[in-house]
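Here is my note on the structure, in numbered points. Please read it with the coordinates open.

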Amino acid sequence: MSLTDLEQVRSPSAAGKTAGMAQIRIAPYIFISPFFILFAVFFLFPTVFALILGFFNWRGLGQPEWFALRNYERLFRDQIFWQSVQNTIFYSGFSLFIIVPLALLEAMALNAKALRFKTLWRILYFAPIVTSTVAVAIVFRMLYNREFGIINNLLISLGAAPVDWLGDPAWVKWAVMGVVVWRWTGLLAVYFLAGLQAIPEELHEAAAIDGANAFQRFLHVTLPSLRPVILFVSVIVLIGSMQIFDDPQVLFGAGSPGGPANAGLSIVQYLYTRGINDLLFGYASAVGLFLFVVIFVLSLVQFRVFRGFEVD
Amino acid sequence: MDTKMQRRIGAIVLNVVVGLGGIIIILPVVWMLSASFKSTAEIYRFPPTLIPENLSPSNYQRLVTDWPFWNWYVNSLFVAVVVTIAVLFFSSLAGFGFAKYRFRGNKVLFLILLGSTMIPFQLILIPLFIIMSRLSWTNTYNALIIPFMAPAVSIFLMRQFITSIPSELMESARIDGASEFGIYWRIILPLSRPALAALAVLTFLGSWNSFLWPLSVLRAREAMTLPVGLASIQGGLTAGSEAPIGPSMAGATLVTIPIILVFILVQRHYIAGLTAASVKQ
């Protein structure tokens, strides 16, 4: 190609323009196609597959047996399933009412002007976010050990009675939450910290001049300004805690993933046990659909709430 | 004077409480690191020793001889790196398509993408598992990489970022004869660097720490990723029973410590990514 040819290609001649227009028309489809191909094969198809599977009895071999609503009938009479639902609601409630306020407190402390070595504390407080849940749960398993664990030894040295953290049905949920507090509080605090830093300093100053004390400023300046962040965090906490799996699965071990008397079993653990271990594909898909409906409703609430804020 | 005193006391209390909290948070990590060099007897001792009496690498030696630990490490690293590169490429490409072109179906397709983020992965766990078995992809990298190369959330994030890049840059590139892919490659990608960095950190960590899916499709010991392998060291143990503690702690250390060190280096990107994901939703 000579130099003049190149010049011609570069100049926006009529022919070049139409070729360019065609390219502009086709290009976006080519750019988004890898996503939609992967999406169709590994997301859309499995989603439809899951809905259909819920009406069948199938263990992977032979002909699937039409089950109509029997999977769902069984599911709603399944004691262990309801136990897992109950446990998961506990996890969600604890996360929402204990971990979220704790994270807000943490963010406020890390944002306080009087705090020294801010970067150091932020690194320490946020480091748990990047750790592997499996590794952390393995460590906590040792800390929770009934005879040799640090936690019980500390309790004894303080004169308290030791607790069978992983063996006593009354305590296992709290043990799971211990790991979750450790891993999640920092993550939520990151969101709150970003929210706090977005509050204009003048708001606090104006309130202080009006004679508001620290608590009043928190109530009337900080909390209202953080409302969108609090809602966002609450929804991701709810959705995330509905899907809890890694922590109890590793804490209790593959031998009894639900802990004693399934007192720590989560919904996803039950889905995994029925589906992947027992190969009850239809039944596990019914559990999956139940979870989907719950999370879908929570997501809709999230969208509505955030629409509301855009309008404000 | 009184309020000044009060403020000073408040500041001291704040610093002490934050300091104590920080120590409590880092304690499990310190304990893990220390225990990984101890004998079982010393791990169980109370009060615990901070510096092991007999600093011994034997837990690490056992870990790599009794378990295919290096396989797990290579598997985890390979999968996380490939997934990250693929996600960066496909997400920025599709995000560019959605952000900068008007085309038929643009809105509907984007709504489908957004809607799909409401579907929890657990719903498709079983069907996806069946598909993997049919494709004979169980125990392979394919199962861990291919379905996760273009997540809807990442495309959404990239679209939001690329929308803010001025379109005039594209126009002048077109006049200079750049192809559409050339515009993506030479203009959009370099300007998206901050978003790409944040997405890279989030994606890498997500893959590195992922557990439910690898646990479902990996059964062969050599094929496992780190979290699945680590969990398998605990084996089919029931609550409270004995486990090979030392090697477990060595494994947990090798999984978490490098990541924490990298986190300290890239924490700005990481936190920027987290908050971008929250603000944009």
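1. This is a predicted model. The points below take the crossing of H8(B) and H11(B) first, then the division of chain B into domains, the contact of chain A with chain B, and Arg146(A).

2. Start with a helix pair in chain B. Helix H8 covers residues 152–163 and helix H11 covers residues 193–209. Their axes come within 10 Å and cross at roughly 165°. Angles over 145 degrees count as roughly antiparallel, so H8(B) is roughly antiparallel to H11(B). The crossing is right-handed.

3. Which residues make the contact of H8(B) and H11(B)? From H8(B) come Ser154(B), Leu157(B), Met158(B) and Phe161(B). H11(B) supplies Ala195(B), Leu199(B) and Thr203(B). Sorted by class, this contact has 5 nonpolar residues and 2 polar ones, with no charged residues.

4. Now the domains. Chain B is split into domain 1, residues 2–58, and domain 2, residues 60–280. The C-alpha centres of the two domains lie 33 Å apart. In the contact between them, 10 residues belong to domain 1 and 11 to domain 2.

5. Look at the domain 1 side of that contact in chain B. Two elements give two or more residues to this side: helix H1 (2–35) and helix H2 (40–43) of chain B. H1(B) gives the most, with 4 residues. By class, the domain 1 side has 6 nonpolar, 3 polar and 1 charged.

6. Next, the two chains. How many residues of chain A are in contact with chain B? The count is 84, and they meet 77 residues of chain B. On the chain A side, helix H2 (residues 14–53) gives the most, with 20 residues. The classes on the chain A side are 61 nonpolar, 18 polar and 5 charged.

7. One residue to check by eye is Arg146(A). Where does Arg146(A) sit? Its place is the loop of chain A between helix H6 (133–143) and helix H7 (150–157). Is Arg146(A) buried, exposed or partly exposed? A residue is buried at 20 or more other C-beta atoms within 10 Å and exposed at 12 or fewer. Arg146(A) has 16, so Arg146(A) is partly exposed.

8. Last, a pairing to look at from the same loop residue. Arg146(A) and Trp165(A) are 19 residues apart in sequence. In space, their C-alpha atoms are 6.8 Å apart.

Conventions:
Residues numbered from 1 in each chain as written. Chains lettered and ligands numbered in written order. Predicted model: local features only at pLDDT ≥ 70, side-chain atom pairs only at ≥ 80, totals over all residues. Axes fitted to C-alpha atoms, helices over the stretch in contact; angles between N-to-C directions. Parallel < 35°, antiparallel > 145°, perpendicular 65-115°, else oblique. Left-handed = near helix turned anticlockwise from the far one by under 90°. Contact = placed C-beta atoms within 7 Å. Nonpolar A, V, L, I, M, F, W, Y, C, P; charged D, E, K, R; others polar. Domains from an automatic or database assignment.
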